[in-house]
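Okay, thanks for making time, everyone. I'll put the structure up and then talk you through the parts I've been looking at.

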Amino acid sequence: ISTTRVNVYSVTSLGFSRVVHLWSTRRSQRSSRSTVVVPRGGPTLGRRSFLFGKKKEEVQKQEMANVPKPMSKEELPKSEKDWEKILSPEEYRILRLKGTEMPGSGTYNKHKANGLYVCAGCSAPLYESKTKFDSGCGWPAFYAGMDGKIKSVDDHSHGMIRTEIMCDNCGGHLGHVFRGEGFPTPTDERHCVNSVSIKFIPQ
């Protein structure tokens, strides 16, 4: 077998670097052929997806499939005893009894991945990762909630006047919102949220 030429191309598809080797071999009266070499252990993709990437609509559909379906009003627990059955003790303490986790202890305090934050109680979408910022307060901070997903009420507990924020769907306690603190964000708001009150869905 005699090799007539070797061309190496680097192809990037869906974030994976691929090396495609195209070569022609010639033996008596044999036609040339092309071979695609995929690294062992790499994901199996269709030829079109491998070379050109998935269509935008397909990617968006796959991302939405990762988002859990929120509980409807009819599906929500009807009593606090029902909530206790589906929540962990810590989730119940914070979401239903309006507790607070220790500063710096939350899973999402320094979390920076792209995705969506949903209510830990009912899975309703609450915050997009693009609105999360590092406030240095010890709790996850967001400068805005998703439209119509956050409910706020006056809170006069512990001898302070604050604004409590809750999941609009199930009423679960999220934390408090503070305004006018001077953070360089589009809203100058800080939604100070307990990590226990939310769950992250990567996208």
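So, what covers the buried residues of α4? The cover includes α3 (80-86), β9 and β11 (198-202). This is a predicted model, by the way, so please hear everything I say in that light. The helix α4 itself spans residues 89-96, and its buried residues are E91, Y92, I94, L95 and R96. After the helix you come to K98, which has a positive phi, near 60 degrees.

Now follow β11 across, since that strand turns up again. β11 and β3 are joined by five bridges and run antiparallel. If you want a spot to look at, Y117 stands opposite F200 in β11. β3 covers residues 115-119, and it's mostly covered: five of its five residues are buried.

β3 has another partner too, β4, at residues 125-128. That pairing is antiparallel as well, with three bridges, and here V118 stands opposite P125. Together β3 and β4 make a hairpin with five residues between them. Look at S123 in that turn: its phi is positive, about 70 degrees.

Okay, on to the sheet. Which order do the strands take? It's an open sheet of six, going β5-β6-β10-β9-β8-β7, with antiparallel pairing. The edges are β5 (132-133) and β7, and each has a single partner strand, so one side of each has no neighbour in the sheet. At the β5 end, the pairing with β6 (residues 141-142) is antiparallel over two bridges, and F133 stands opposite A141.

At the other edge, in β7 (residues 150-155), I'd like you to find D155. Buried or exposed? D155 is buried, with a relative accessible area of 11%. That's because the cut-off for buried is under 20%. Its side chain makes a polar contact with the side chain of S157, at 2.8 Å. Leaving out neighbours within four places in sequence, D155 is in contact with M160, I161, R162, E164 and H176. Keep R162 and H176 from that group in mind, please.

Next, β9, and the residue I picked there is V177. V177 comes out at 4% relative accessibility, so it counts as buried. Which residues touch it? Again skipping anything within four places in sequence, V177 is in contact with T163, I165, E189, R190 and H191. There's also a C-alpha separation to mention: V177 and Y143 are 34 residues apart along the chain, and their C-alpha atoms are 9.0 Å apart.

Last stop, the pocket. The largest one has a volume of about 310 Å³. It's lined by 18 residues, and the closest to its centre are T100, R162, H173, G175 and H176. So there are R162 and H176 again, the two I asked you to remember from the D155 contacts. Which elements give two or more residues to the lining? They're β8 (162-167), β9 (173-179) and β10 (189-193). The largest share comes from β9, with five residues. As for the kind of residue, the lining has six nonpolar, seven polar and five charged.

To pull that together, β9 is the strand I'd keep on screen: it's part of the cover over the buried residues of α4, it's in the six-strand sheet, it holds V177, and it gives the largest share of the pocket lining. Right, that's me done, over to you.

Methods
Residues numbered from 1 in each chain as written. Predicted model: local features only at pLDDT ≥ 70, side-chain atom pairs only at ≥ 80, totals over all residues. Heavy atoms only, no water. 1 Å grid on protein atoms, 1.4 Å probe; cavity = no way out; pocket = protein on both sides within 12 Å on 5 of 7 lines; lining within 4 Å. Points joined across faces, edges and corners; volume = space filled by probe spheres on them. Helix = DSSP H or I, 4+ residues; strand = E, 2+ residues; numbered from the N terminus. Nonpolar A, V, L, I, M, F, W, Y, C, P; charged D, E, K, R; others polar. Buried < 20%, exposed > 50% of the residue type's maximum accessible area, 1.4 Å probe, protein only. Polar contact = N/O pair within 3.5 Å; in protein donor to acceptor, adjacent residues only side chain to side chain. Contact = heavy atoms within 4.5 Å. Pairing = 2+ DSSP bridges.
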